Amino acid sequence: MTDIVDELKWRGLIALSTDEDALRKAFADGPVTFYCGFDPTAPSLHLGNLVQILTMRRIQQAGNRPLGLVGGATGLIGDPKPNAERTLNAPEVVAQWVERLRAQIAPLLDFEGPNAAVMVNNLDWTQGMSAIEFLRDVGKHFRVNKMIGKEAVARRLESQEGISYTEFSYQILQGMDFLELYRRHGCTLQTGGSDQWGNLTSGTDLIHKVEPDAVVHALGTPLITKADGTKFGKTESGTVWLDPEMTTPYAFYQFWLNADDRDVSKFLRIFSFRSHAEIEELEQQTEERPQARAAQRALAEELTTLVHGADQTAAVVAASKALFGQGELAELDEKTLAASLAELPHVQVAELGPVVDLFAEVGLVASKSAARRTVKEGGAYVNNVKVAGEDAVPAKEDLIHGRWLVLRRGKKNLAAVEVTSA
């Protein structure tokens, strides 16, 4: 990779830059020390954060040095949301979340070698600072008329909710972060989402005022949109998190596997570490044989491996195949099976009943008579075994891990039954 700016542009990862030509020269003269910040406002990072982490990974792989900042201080304040004040979390909760986020970021960066990554926490340089020091040494460099022009602040000022002084001061804290990292680590670039542009440039502006000879940069990645108009990183069940307890590896895998053909090329370029040639080949396959979903499968396997590891990826791939009759359901571990069945229509029953009743109850068919027709036509399966008769009743021995039945109508319509006391 000879020019990281060109690489990021090819992947659609540059929306805004303070000076693209100057940034290109800085990379050429490199290495560049750069940072991206993540606030612990939840116990896990999500797919929007993953865009930033993987952008850091790309820039590091081009020979530059990343600083991963988890905001133990800014997480106590909260970046202004567009429409409402954030709920402030207790300091001990934020401290716990700091450690959880650090543990999610660390495996995706390289902490060895000449450009080894460093994790930092802005609480280190804020907790000992008095309010008077903050106002005199930092606050005096910010102009209120410019601060209220920042997009997030302006939108809140126009709303009935307004904005508290606490959240209004957030951009000052983020600006101070860049200044401190410039002084402590020689950091000259901050990256982040384009929706954070006002906060990113608060740092460059502050450094230019305090250190007039400094040359620093900000780079904003674009907001990811989906062709169907729904919000990226969301499913019907909610946000897609990186924590496996909040979004299972199976659900994470399925998110990418179910990507719209119109979006998968964009997702490949943003998230995949495959070469240009490999990505263009997958794009061509999507255009010529969309039903094969080759690009989606490649992306799902790569990202699930990156975030959750090869073993988890192998388990969810096996589960995906087994659900559709291409493997043994009984060989799946209980946790993976439970995660995969949670994504399907499912019901809980106290005891086993006739297959036709179960098909109707779980919604695979409209009625018991429709279930009987499905059985008669040879399209009903329990645990991938074709149901032989309309009066069939599953036995307790048929329950996978003593709990579940997997029902299938035809080739693709799946549902699950959990027996709570058998």
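How many nonpolar, polar and charged residues are there in the lining of the second largest pocket? Hold that question for a moment. I'll get to the pocket at the end.

First, a caution. What you see above is a predicted model.

Let's start with the whole chain. It has 422 residues, and 48% of them count as buried. Along the principal axes, the C-alpha atoms fill a box of roughly 85 × 45 × 40 Å. Count the elements and you get 20 helices and 13 strands. Now look at contacts between residues with a separation of 6 or more. Of those, 72% come from residues 24 or more positions apart.

On to the sheets. Here is one with six strands. It is an open sheet, and its order is β1-β6-β5-β2-β3-β4. The pairing in this sheet is mixed. Which strands are at the edges? They are β1, residues 16-17, and β4, residues 118-120. Each of these two pairs on one side only.

Let's walk through it, beginning with β1. Two bridges join β1 to β6, and these strands run antiparallel. You can find one spot easily: L16 stands opposite G220 in β6.

Next along the order is the pair of β6 and β5. Strand β6 covers residues 217-221. Five bridges join β5 to β6, and here the strands run parallel. G193 has T221 as its bridge partner in β6. How does the chain get from β5 to β6? It goes through helix α12, residues 197-210. This β-α-β crossover is right-handed.

Stay with β5 a little longer. It spans residues 189-193. Why is it largely enclosed by the rest of the structure? Because five of its five residues are buried. On β5 we also meet β2, residues 33-38. The two pair in the parallel sense, over two bridges. Look for F34, which stands opposite L189 in β5.

Now β2 itself. This strand is mostly covered, with five of its six residues buried. Strand β3, residues 65-70, pairs with β2 in the parallel sense over six bridges. G37 finds its bridge partner in β3 at L69. Add helix α3, residues 47-61, and you have another unit to trace: β2, α3 and β3 make a right-handed β-α-β unit.

Let me pick out one residue beside all this. Find L8. It lies in helix α1, residues 4-10. Is L8 buried or exposed? Buried, with a relative accessible area of 0%. What does L8 touch? Leave aside its neighbours within four places in sequence. Then L8 is in contact with L13, I14, T55, R58, I59 and L219. Now compare positions along the chain and in space. L8 and T221 are 213 residues apart along the chain, yet their C-alpha atoms are separated by 9.2 Å.

There is another sheet to see. Five strands form this one, in the order β9-β13-β12-β10-β11. It is open, and the pairing is mixed. At the edges stand β9, residues 346-349, and β11, residues 385-386. Each has a single partner strand, so one side of each is left without a neighbour in the sheet. For β9, four bridges join it to strand β13, residues 413-419. Those two run parallel. Look there for H346, which stands opposite A416 in β13.

Back to the pocket, then. The second largest pocket has a volume of about 1400 Å³. Its lining is made by 41 residues. Which of them lie nearest its centre? Y250, Q254, L257, N258 and F324. Several elements give two or more residues to the lining. Among them are strands β7 (234-235) and β8 (238-239). Helices α14 (261-271), α16 (294-308) and α17 (310-323) are also on that list. Which element gives the most? That is α13, with six residues. You can find α13 at residues 249-257.

And now my opening question. By class, the lining has 17 nonpolar, 12 polar and 12 charged residues.

Note on methods. Residues numbered from 1 in each chain as written. Predicted model: local features only at pLDDT ≥ 70, side-chain atom pairs only at ≥ 80, totals over all residues. Heavy atoms only, no water. 1 Å grid on protein atoms, 1.4 Å probe; cavity = no way out; pocket = protein on both sides within 12 Å on 5 of 7 lines; lining within 4 Å. Points joined across faces, edges and corners; volume = space filled by probe spheres on them. Nonpolar A, V, L, I, M, F, W, Y, C, P; charged D, E, K, R; others polar. Buried < 20%, exposed > 50% of the residue type's maximum accessible area, 1.4 Å probe, protein only. Pairing = 2+ DSSP bridges. Right-handed = clockwise from strand over helix to strand, strands pointing away. Contact = heavy atoms within 4.5 Å.
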